[in-house]
Amino acid sequence: MEEALLKDLAEGFAPTGNEIELLHVIKDALNGYVDEIKVHEGSSSLVAFKKGESKTSLMLEAHLDEVFMVVQDITKEGFLKVVSNSIDPKVLPGSVVLVHGKEKIKGVIGIKPYHLTMKEEEHKPYTLDNLYVDCGLPKSELEKVVSIGDYVTFVPNFTKVNEYYTSKSLDNRLGVYTVIEVLKNLKQIKHQPNIYGLFSSQEEFTALGAITSTFSIFPDAAIALDVTLGAQNEVPSDVGFALGKGPVIFVGVTASKFLSNKLIETAEKFGIPYQKEGGVYSGTDTEEIELVKSGVPASLVSIPIRYMHTPIEMFDPFELDKTVQLLKLFIENYSS
(Lines give C-alpha, C1' and ligand atoms only; values in the text may rest on other atoms or scores of the structure.)
Protein backbone atom coordinates (compact mmCIF):
# COMPACT_ATOMS: atom_id res chain seq x y z
CA MET A 1 0.00 0.00 0.00
CA GLU A 2 1.22 3.47 -0.92
CA GLU A 3 0.53 5.03 2.46
CA ALA A 4 1.40 8.60 1.45
CA LEU A 5 -1.06 8.58 -1.46
CA LEU A 6 -3.90 7.13 0.61
CA LYS A 7 -3.22 9.67 3.36
CA ASP A 8 -3.43 12.54 0.87
CA LEU A 9 -6.70 11.15 -0.50
CA ALA A 10 -8.28 10.44 2.88
CA GLU A 11 -7.34 13.80 4.37
CA GLY A 12 -8.49 15.74 1.31
CA PHE A 13 -11.67 17.83 1.34
CA ALA A 14 -14.43 16.55 -0.97
CA PRO A 15 -17.92 16.72 0.50
CA THR A 16 -20.81 15.96 -1.82
CA GLY A 17 -21.16 18.77 -4.34
CA ASN A 18 -17.67 20.20 -3.75
CA GLU A 19 -15.23 17.50 -4.80
CA ILE A 20 -13.01 19.71 -6.93
CA GLU A 21 -10.23 20.21 -4.35
CA LEU A 22 -9.40 16.50 -4.46
CA LEU A 23 -8.85 16.35 -8.20
CA HIS A 24 -5.29 17.69 -8.12
CA VAL A 25 -4.23 14.77 -5.89
CA ILE A 26 -5.55 12.31 -8.48
CA LYS A 27 -4.03 14.20 -11.41
CA ASP A 28 -0.61 14.26 -9.71
CA ALA A 29 -0.79 10.56 -8.87
CA LEU A 30 -1.67 9.58 -12.46
CA ASN A 31 0.76 11.91 -14.21
CA GLY A 32 2.73 9.85 -16.75
CA TYR A 33 0.61 6.71 -16.28
CA VAL A 34 -2.42 7.38 -18.49
CA ASP A 35 -3.00 8.75 -21.97
CA GLU A 36 -5.56 11.41 -21.10
CA ILE A 37 -7.10 13.10 -18.06
CA LYS A 38 -10.26 15.14 -18.38
CA VAL A 39 -12.48 16.92 -15.84
CA HIS A 40 -16.20 16.97 -16.58
CA GLU A 41 -16.93 20.54 -15.57
CA GLY A 42 -20.66 20.08 -15.02
CA SER A 43 -20.21 17.47 -12.32
CA SER A 44 -16.56 17.95 -11.19
CA SER A 45 -15.93 14.28 -11.98
CA LEU A 46 -12.54 13.27 -13.39
CA VAL A 47 -11.97 10.73 -16.16
CA ALA A 48 -8.60 9.13 -16.83
CA PHE A 49 -8.09 7.13 -20.06
CA LYS A 50 -5.57 4.34 -20.73
CA LYS A 51 -5.54 3.01 -24.29
CA GLY A 52 -5.75 -0.74 -24.84
CA GLU A 53 -5.17 -2.95 -27.87
CA SER A 54 -8.81 -3.45 -28.89
CA LYS A 55 -11.98 -1.41 -29.34
CA THR A 56 -13.60 -2.86 -26.22
CA SER A 57 -13.93 -0.45 -23.29
CA LEU A 58 -14.07 -1.14 -19.56
CA MET A 59 -14.74 1.53 -16.95
CA LEU A 60 -13.56 1.46 -13.33
CA GLU A 61 -15.59 3.83 -11.14
CA ALA A 62 -15.14 5.17 -7.63
CA HIS A 63 -16.94 8.07 -6.01
CA LEU A 64 -15.01 11.01 -4.59
CA ASP A 65 -17.42 12.50 -2.08
CA GLU A 66 -17.43 12.17 1.69
CA VAL A 67 -20.06 12.68 4.38
CA PHE A 68 -20.45 16.19 5.79
CA MET A 69 -22.57 18.75 7.60
CA VAL A 70 -23.76 22.20 6.54
CA VAL A 71 -24.02 25.37 8.64
CA GLN A 72 -27.70 26.17 9.08
CA ASP A 73 -27.48 29.04 11.56
CA ILE A 74 -25.12 31.05 13.79
CA THR A 75 -26.57 31.58 17.25
CA LYS A 76 -26.26 34.83 19.19
CA GLU A 77 -23.82 33.05 21.52
CA GLY A 78 -21.54 32.24 18.59
CA PHE A 79 -22.33 28.53 18.11
CA LEU A 80 -23.00 26.93 14.73
CA LYS A 81 -26.18 24.93 14.20
CA VAL A 82 -25.58 22.27 11.56
CA VAL A 83 -27.61 19.79 9.51
CA SER A 84 -26.66 16.55 7.78
CA ASN A 85 -28.33 13.72 5.87
CA SER A 86 -25.37 11.35 5.99
CA ILE A 87 -23.96 11.38 9.55
CA ASP A 88 -25.55 9.75 12.61
CA PRO A 89 -25.70 12.46 15.32
CA LYS A 90 -24.72 9.88 17.95
CA VAL A 91 -21.10 9.91 16.70
CA LEU A 92 -20.73 13.69 16.89
CA PRO A 93 -20.31 14.56 20.61
CA GLY A 94 -16.62 15.01 21.30
CA SER A 95 -15.72 15.39 17.62
CA VAL A 96 -13.23 17.90 16.25
CA VAL A 97 -14.46 19.33 12.96
CA LEU A 98 -13.30 21.67 10.22
CA VAL A 99 -15.53 24.54 9.09
CA HIS A 100 -14.91 25.51 5.46
CA GLY A 101 -15.72 29.21 5.36
CA LYS A 102 -13.69 32.04 3.86
CA GLU A 103 -10.87 30.24 5.61
CA LYS A 104 -10.78 26.84 7.26
CA ILE A 105 -11.21 26.96 11.02
CA LYS A 106 -11.48 24.19 13.59
CA GLY A 107 -14.40 23.65 15.90
CA VAL A 108 -15.58 21.10 18.44
CA ILE A 109 -18.94 19.50 19.10
CA GLY A 110 -19.52 19.31 22.84
CA ILE A 111 -22.40 18.32 25.10
CA LYS A 112 -23.75 19.33 28.48
CA PRO A 113 -21.32 18.42 31.30
CA TYR A 114 -22.16 15.12 32.95
CA HIS A 115 -22.44 16.91 36.30
CA LEU A 116 -25.55 18.72 35.01
CA THR A 117 -27.15 15.75 33.31
CA MET A 118 -30.44 14.75 34.88
CA LYS A 119 -31.09 11.06 35.53
CA GLU A 120 -33.87 10.94 32.93
CA GLU A 121 -31.45 12.38 30.33
CA GLU A 122 -28.65 9.84 30.79
CA HIS A 123 -29.82 7.47 28.06
CA LYS A 124 -31.50 10.01 25.81
CA PRO A 125 -29.84 10.14 22.36
CA TYR A 126 -28.54 13.43 21.02
CA THR A 127 -29.92 14.85 17.80
CA LEU A 128 -28.66 17.65 15.57
CA ASP A 129 -31.24 19.90 17.22
CA ASN A 130 -29.19 19.94 20.43
CA LEU A 131 -25.65 19.67 19.07
CA TYR A 132 -23.64 22.72 18.09
CA VAL A 133 -20.19 23.49 16.69
CA ASP A 134 -18.07 25.68 18.98
CA CYS A 135 -15.25 27.47 17.15
CA GLY A 136 -14.12 29.45 20.20
CA LEU A 137 -15.13 32.78 18.65
CA PRO A 138 -17.86 35.32 19.40
CA LYS A 139 -20.59 35.72 16.80
CA SER A 140 -19.16 39.02 15.53
CA GLU A 141 -15.81 37.38 14.71
CA LEU A 142 -17.32 34.12 13.50
CA GLU A 143 -19.52 35.87 10.94
CA LYS A 144 -16.43 37.38 9.30
CA VAL A 145 -15.33 33.88 8.34
CA VAL A 146 -18.37 31.59 8.35
CA SER A 147 -21.64 31.86 6.44
CA ILE A 148 -24.84 29.84 6.37
CA GLY A 149 -24.40 27.06 3.82
CA ASP A 150 -20.70 26.47 4.51
CA TYR A 151 -19.51 22.88 4.73
CA VAL A 152 -18.40 21.22 7.98
CA THR A 153 -16.30 18.04 7.80
CA PHE A 154 -14.33 15.87 10.16
CA VAL A 155 -10.73 17.02 10.60
CA PRO A 156 -7.95 15.11 8.78
CA ASN A 157 -6.97 12.24 11.06
CA PHE A 158 -5.28 9.44 9.09
CA THR A 159 -3.79 7.09 11.72
CA LYS A 160 -2.30 3.61 11.91
CA VAL A 161 -3.86 1.49 14.67
CA ASN A 162 -1.61 -1.55 15.01
CA GLU A 163 -2.20 -3.55 11.76
CA TYR A 164 -5.19 -1.48 10.63
CA TYR A 165 -5.66 2.13 9.58
CA THR A 166 -8.38 4.58 10.55
CA SER A 167 -9.46 7.90 9.06
CA LYS A 168 -12.36 10.01 7.95
CA SER A 169 -13.64 9.51 4.38
CA LEU A 170 -12.24 6.04 3.74
CA ASP A 171 -15.69 5.78 2.17
CA ASN A 172 -14.77 6.03 -0.62
CA ARG A 173 -11.13 7.10 -0.84
CA LEU A 174 -10.25 3.39 -0.68
CA GLY A 175 -12.09 2.96 -3.98
CA VAL A 176 -10.41 6.05 -5.42
CA TYR A 177 -7.00 4.74 -4.35
CA THR A 178 -7.76 1.35 -5.95
CA VAL A 179 -8.62 2.85 -9.33
CA ILE A 180 -5.47 5.02 -9.26
CA GLU A 181 -3.21 2.09 -8.40
CA VAL A 182 -4.80 -0.18 -11.02
CA LEU A 183 -4.28 2.47 -13.70
CA LYS A 184 -0.65 2.88 -12.63
CA ASN A 185 -0.11 -0.89 -12.80
CA LEU A 186 -1.47 -1.05 -16.34
CA LYS A 187 1.56 0.78 -17.66
CA GLN A 188 3.55 -2.40 -17.04
CA ILE A 189 1.26 -4.83 -18.89
CA LYS A 190 -0.53 -5.35 -22.19
CA HIS A 191 -4.31 -5.18 -21.95
CA GLN A 192 -6.99 -5.59 -24.59
CA PRO A 193 -9.72 -3.19 -23.39
CA ASN A 194 -9.47 0.57 -23.33
CA ILE A 195 -9.68 1.52 -19.67
CA TYR A 196 -11.56 4.50 -18.29
CA GLY A 197 -11.04 5.46 -14.67
CA LEU A 198 -14.04 7.47 -13.51
CA PHE A 199 -13.70 9.40 -10.24
CA SER A 200 -17.29 10.52 -9.79
CA SER A 201 -19.08 13.13 -7.72
CA GLN A 202 -22.19 13.14 -5.53
CA GLU A 203 -22.67 9.42 -4.92
CA GLU A 204 -24.00 10.05 -1.43
CA PHE A 205 -27.12 11.80 -2.77
CA THR A 206 -27.75 11.94 -6.52
CA ALA A 207 -25.08 9.81 -8.28
CA LEU A 208 -24.68 12.84 -10.57
CA GLY A 209 -21.11 12.11 -11.60
CA ALA A 210 -21.62 8.41 -12.20
CA ILE A 211 -24.69 9.00 -14.37
CA THR A 212 -23.47 11.94 -16.47
CA SER A 213 -19.92 10.70 -17.02
CA THR A 214 -21.04 7.16 -17.84
CA PHE A 215 -23.43 8.72 -20.38
CA SER A 216 -20.45 10.51 -21.95
CA ILE A 217 -18.13 7.49 -21.91
CA PHE A 218 -20.76 4.76 -22.50
CA PRO A 219 -18.35 1.87 -21.91
CA ASP A 220 -19.02 -1.74 -22.87
CA ALA A 221 -18.84 -2.75 -19.20
CA ALA A 222 -18.07 -1.24 -15.80
CA ILE A 223 -16.88 -2.18 -12.34
CA ALA A 224 -17.61 0.08 -9.40
CA LEU A 225 -15.17 0.21 -6.49
CA ASP A 226 -16.63 1.13 -3.11
CA VAL A 227 -16.68 0.08 0.54
CA THR A 228 -19.05 -2.21 2.39
CA LEU A 229 -19.86 -2.94 6.02
CA GLY A 230 -17.08 -4.59 7.99
CA ALA A 231 -17.92 -7.05 10.75
CA GLN A 232 -17.66 -5.34 14.15
CA ASN A 233 -19.48 -5.10 17.45
CA GLU A 234 -23.22 -5.05 16.62
CA VAL A 235 -22.49 -5.76 12.94
CA PRO A 236 -22.42 -9.58 12.87
CA SER A 237 -20.76 -11.66 10.18
CA ASP A 238 -24.05 -12.34 8.39
CA VAL A 239 -24.38 -8.59 7.76
CA GLY A 240 -20.79 -7.34 7.67
CA PHE A 241 -17.64 -8.79 6.15
CA ALA A 242 -14.44 -9.81 7.91
CA LEU A 243 -11.37 -7.61 7.68
CA GLY A 244 -8.35 -9.49 6.38
CA LYS A 245 -10.32 -12.05 4.33
CA GLY A 246 -10.13 -10.30 0.96
CA PRO A 247 -12.19 -7.97 -1.24
CA VAL A 248 -15.96 -8.43 -1.48
CA ILE A 249 -17.50 -9.26 -4.88
CA PHE A 250 -21.18 -8.38 -5.22
CA VAL A 251 -23.22 -11.23 -6.69
CA GLY A 252 -26.62 -9.68 -6.11
CA VAL A 253 -29.58 -9.42 -8.44
CA THR A 254 -28.61 -6.07 -9.97
CA ALA A 255 -25.00 -6.96 -10.80
CA SER A 256 -23.89 -8.40 -14.13
CA LYS A 257 -23.52 -12.13 -13.60
CA PHE A 258 -20.95 -12.30 -16.41
CA LEU A 259 -18.69 -9.70 -14.76
CA SER A 260 -19.16 -11.01 -11.22
CA ASN A 261 -18.37 -14.56 -12.34
CA LYS A 262 -15.29 -13.36 -14.26
CA LEU A 263 -14.06 -11.54 -11.13
CA ILE A 264 -14.56 -14.72 -9.09
CA GLU A 265 -12.82 -16.84 -11.73
CA THR A 266 -9.87 -14.43 -11.72
CA ALA A 267 -9.61 -14.52 -7.93
CA GLU A 268 -9.70 -18.32 -7.84
CA LYS A 269 -7.27 -18.75 -10.74
CA PHE A 270 -4.62 -16.55 -9.14
CA GLY A 271 -5.24 -17.47 -5.50
CA ILE A 272 -6.65 -14.13 -4.38
CA PRO A 273 -8.86 -14.48 -1.30
CA TYR A 274 -12.31 -12.97 -1.73
CA GLN A 275 -15.73 -12.77 -0.12
CA LYS A 276 -19.16 -12.75 -1.77
CA GLU A 277 -21.98 -10.32 -1.04
CA GLY A 278 -25.48 -11.35 -2.05
CA GLY A 279 -28.49 -9.09 -2.17
CA VAL A 280 -31.00 -7.35 -4.35
CA TYR A 281 -29.61 -3.82 -4.45
CA SER A 282 -26.06 -2.70 -3.66
CA GLY A 283 -26.84 0.90 -2.72
CA THR A 284 -23.82 2.14 -4.70
CA ASP A 285 -23.28 3.78 -8.09
CA THR A 286 -23.46 0.32 -9.70
CA GLU A 287 -27.20 0.42 -10.35
CA GLU A 288 -27.06 4.00 -11.64
CA ILE A 289 -24.34 3.08 -14.14
CA GLU A 290 -26.40 0.15 -15.42
CA LEU A 291 -29.34 2.40 -16.35
CA VAL A 292 -27.43 4.79 -18.62
CA LYS A 293 -28.59 4.91 -22.27
CA SER A 294 -29.35 1.37 -23.46
CA GLY A 295 -27.66 -0.10 -20.39
CA VAL A 296 -24.11 -0.79 -19.20
CA PRO A 297 -23.32 -4.20 -17.64
CA ALA A 298 -21.77 -3.48 -14.25
CA SER A 299 -20.50 -5.25 -11.18
CA LEU A 300 -19.15 -4.13 -7.81
CA VAL A 301 -16.04 -4.88 -5.78
CA SER A 302 -15.97 -3.53 -2.23
CA ILE A 303 -13.52 -3.20 0.64
CA PRO A 304 -14.97 -3.84 4.11
CA ILE A 305 -14.60 -1.03 6.63
CA ARG A 306 -15.73 -0.65 10.21
CA TYR A 307 -17.55 2.39 11.61
CA MET A 308 -18.85 3.66 8.25
CA HIS A 309 -19.77 7.39 8.05
CA THR A 310 -17.83 8.25 11.19
CA PRO A 311 -14.47 10.01 11.71
CA ILE A 312 -12.81 6.67 12.55
CA GLU A 313 -13.58 4.43 9.59
CA MET A 314 -11.20 1.45 9.79
CA PHE A 315 -9.75 -0.98 7.23
CA ASP A 316 -7.09 -3.63 6.77
CA PRO A 317 -4.46 -2.74 4.11
CA PHE A 318 -4.42 -6.43 3.11
CA GLU A 319 -7.82 -5.92 1.45
CA LEU A 320 -6.63 -2.85 -0.40
CA ASP A 321 -3.59 -4.59 -1.88
CA LYS A 322 -5.62 -7.66 -2.88
CA THR A 323 -8.30 -5.50 -4.53
CA VAL A 324 -5.68 -3.74 -6.66
CA GLN A 325 -4.18 -7.11 -7.55
CA LEU A 326 -7.57 -8.59 -8.45
CA LEU A 327 -8.51 -5.73 -10.78
CA LYS A 328 -5.12 -5.65 -12.47
CA LEU A 329 -5.28 -9.38 -13.24
CA PHE A 330 -8.92 -9.11 -14.27
CA ILE A 331 -8.03 -6.44 -16.86
CA GLU A 332 -4.92 -8.28 -18.03
CA ASN A 333 -7.03 -11.36 -18.77
CA TYR A 334 -10.21 -9.55 -19.83
CA SER A 335 -12.13 -10.36 -22.99
CA SER A 336 -15.74 -9.34 -23.59
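1. A quick definition to start: two strands count as paired if DSSP finds at least two bridges between them. In this predicted model, strand 10 and strand 11 (residues 164-167) run antiparallel and are joined by three bridges. One residue to look at is T159, whose bridge partner in strand 11 is T166.

2. That pairing belongs to an open, antiparallel sheet of three strands, ordered 10-11-17. Strand 10 (159-161) and strand 17 (313-315) are its edges, each pairing on one side only. From one strand to the next, the twist averages 30°. Helix 4 (residues 170-185) lies across strand 11 and strand 17, at about 35° to strand 17.

3. Helix 4 also carries a salt bridge between E181 and K184, with the closest N and O atoms 3.0 Å apart. The two are about one helical turn from each other because they sit three residues apart in the helix. E181 counts as buried at 9% relative accessibility, and K184 counts as buried at 17%.

4. The structure has ten salt bridges. Another is E11 with K7, at 3.0 Å from N to O; both residues lie in helix 1 (residues 3-11), four residues apart. K104 and E21 meet at 3.4 Å, N to O. K104 is in strand 7 (residues 104-110) and E21 in the loop between helix 1 and helix 2 (23-30), so this pair ties together parts 83 residues apart in sequence. There is also a salt-bridge network linking E66, K168 and R173.

5. Finally, have a look at the nonpolar surface patch of about 340 Å² made by V253, V280 and Y281. V253 sits in the loop between strand 14 (248-250) and helix 6 (257-269), and counts as exposed at 59% relative accessibility.

Notes: Residues numbered from 1 in each chain as written. Predicted model: local features only at pLDDT ≥ 70, side-chain atom pairs only at ≥ 80, totals over all residues. Heavy atoms only, no water. Patch = residues over 30% accessible without salt bridge, like charges linked within 9 Å, V, L, I, M, F, W, Y side chains within 5 Å. Areas by Shrake-Rupley, 256 points an atom, 1.4 Å probe, with all protein chains shown as cover. Salt bridge = Lys/Arg side-chain N within 4 Å of Asp/Glu carboxyl O. Buried < 20%, exposed > 50% of the residue type's maximum accessible area, 1.4 Å probe, protein only. Axes fitted to C-alpha atoms, helices over the stretch in contact; angles between N-to-C directions. Contact = heavy atoms within 4.5 Å.
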